[in-house]
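Dear colleague,

I am handing over the structure below, and I would be grateful if you kept it open while reading the notes that follow.

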Amino acid sequence: MSLYGLARPLLFSLDEENAHQLALRAAGIAGLFSAPVPRSPVRAMGLEFPNPIGLAAGLDKDAEHIDAMAALGFGFIEVGTVTPRAQPGNPRPRLFRIPEREAIINRFGFNSGGVDAFIANVRRARWNGVLGINIGKNADTPAERAIDDYELCLKQVYAHAAYVTINISSPNTKGLRTLQEAGHLDALLKRLTALREPLAERYGRRVPLVVKVAPDLNSDEITALADAVRRHGIDGLIATNTSVSRSGVEGLPHATEAGGLSGAPIREMATRVLREFAVALKGETTLIGAGGIMSGADAAEKFRAGAALVQLYSGLIYRGPDLVPECASAFRAK
């Protein structure tokens with residue numbers, strides 16, 4: 001049995017959020033005992049990835065554990081979501097395991113120390129790999145001012161990011177998903193891509209922009225989103241965030257908790273959305289597959305559906321660090 005296999009019963013006996021923090025602090029030690037990750041270089045968005053397996057945003061919200069997570073062998077790490085000002089997020093409890101289905105429900109609500117503290121943490125990290133920074137808006141920012149929050153965050157994080165993800169799909173910030181609608185998205189992407197031009201000139205490099213979308217999209221919404229992504233020259237798209245669906249966990253403890261569902265039950269819907277974006281975008285935008293990757297076979301499914309890269313979150317909670325080399329091996333074997 002792996003070291004994580006021995007530790008998991010203890011972690012799962014703790015309050016979910018306390019276990020989350022303990023696991024983050026112990027990740028660097030766990031990396032010493034993990035299987036080596038095979039090198040599987042990938043070039044995407046103009047960046048070089050040593051392997052295509054990434055850490056999804058949400059696990060290390062304040063960029064406090066970059067070095068520890070890097071020890072697990074990820075080819076890239078995404079931190080955040082970061083908001084302009086510090087905010088506590090939703091009241092606890094706000095994280096719930098559903099182990100019978102290898103699922104998690106969270107309603108963190110962009111708990112964040114704010115962008116200044118976040119950048120200080122990034123600067124302290126020694127790792128110099130591919131770092132994605134996921135940006136969002138403050139909960140008390142009115143919808144009509146949301147773009148201002150994204151602009152402020154982009155300005156602040158630009159110099160420190162290999163790429164920046166625009167999070168418009170968390171279900172835990174009121175009104176955020178309305179930014180996926182065509183008119184709102186056009187306005188947001190127009191402002192952010194325009195802002196990138198002077199930032200690229202100032203810092204001497206063009207940082208890729210990525211959009212993260214929900215798994216709860218229908219085909220018409222996917223077509224409209226793909227059109228906006230193409231029109232504004234967005235470099236990447238993450239399919240997907242968590243779901244408001246409860247399909248696959250009905251009747252189980254915590255299934256009725258508010259928040260976003262992640263883990264095994266959303267794998268098929270997330271892969272469907274990924275596959276439809278692959279068809280709509282025809283290879284013009286880098287696709288990053290996320291949602292329900294609990295094994296190497298699940299990662300291989302995302303690659304076959306059109307993903308150039310994949311990200312892990314819930315699978316890491318249930319499977320531990322050995323999932324990273326397993327998924328990298330699946331990429332090499334695809």
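**Helix packing and burial**

In this predicted model, the axes of helix α7 (residues 219-231) and helix α8 approach within 9 Å and cross at roughly 50°. Since angles from 35 up to 65 degrees fall outside the roughly parallel and roughly perpendicular classes, α7 and α8 are therefore oblique to each other, and their crossing is right-handed. On the α7 side the contact is made by S219, I222, L225, A226, V229 and R230, and on the α8 side by R272, V273, E276, F277, A280 and L281. Sorted by class, the residues of this contact comprise 8 nonpolar, 1 polar and 3 charged.

Helix α8 (residues 267-281) also packs against helix α9 (residues 296-305), here at an angle of about 20° and with the axes 9 Å apart. Because angles under 35 degrees count as roughly parallel, that description applies to α8 and α9, and α8 passes α9 in a right-handed crossing. The residues that make the contact are R267, A270, T271, L274, R275 and A278 of α8, together with D298, E301, K302 and A305 of α9. By class, the contact of α8 with α9 has 4 nonpolar, 1 polar and 5 charged residues.

Helix α9 appears again around helix α11 (residues 323-333), whose buried residues are L323, V324, P325, C327, A328, A330 and F331. The cover over these buried residues of α11 includes α9, the strands β1 (42-44), β3 (53-55) and β13 (309-312), and helix α10 (314-319).

One single residue may also deserve your attention, namely R196, which lies in helix α6 (residues 182-203). Is R196 buried or exposed? Its relative accessibility is 3%, and because buried means under 20%, R196 counts as buried. Leaving aside residues up to four places away in sequence, R196 touches Y158, R206, V207, P208, L209, G233 and D235.

As for the protein chain as a whole, it holds 11 helices and 13 strands, and its C-alpha trace spans about 50 × 40 × 40 Å along its principal axes. A compact globule of 334 residues would have a radius of gyration near 20 Å, and the 18 Å of the protein chain agrees with this. Buried residues make up 60% of the 334 residues. Of the contacts in the protein chain with a separation of 6 or more, 74% are between residues 24 or more positions apart.

With kind regards

Technical notes. Residues numbered from 1 in each chain as written. Predicted model: local features only at pLDDT ≥ 70, side-chain atom pairs only at ≥ 80, totals over all residues. Heavy atoms only, no water. Helix = DSSP H or I, 4+ residues; strand = E, 2+ residues; numbered from the N terminus. Buried < 20%, exposed > 50% of the residue type's maximum accessible area, 1.4 Å probe, protein only. Contact = heavy atoms within 4.5 Å. Axes fitted to C-alpha atoms, helices over the stretch in contact; angles between N-to-C directions. Parallel < 35°, antiparallel > 145°, perpendicular 65-115°, else oblique. Left-handed = near helix turned anticlockwise from the far one by under 90°. Nonpolar A, V, L, I, M, F, W, Y, C, P; charged D, E, K, R; others polar. Rg over C-alpha atoms; globule rule 2.2 N^0.38 Å.
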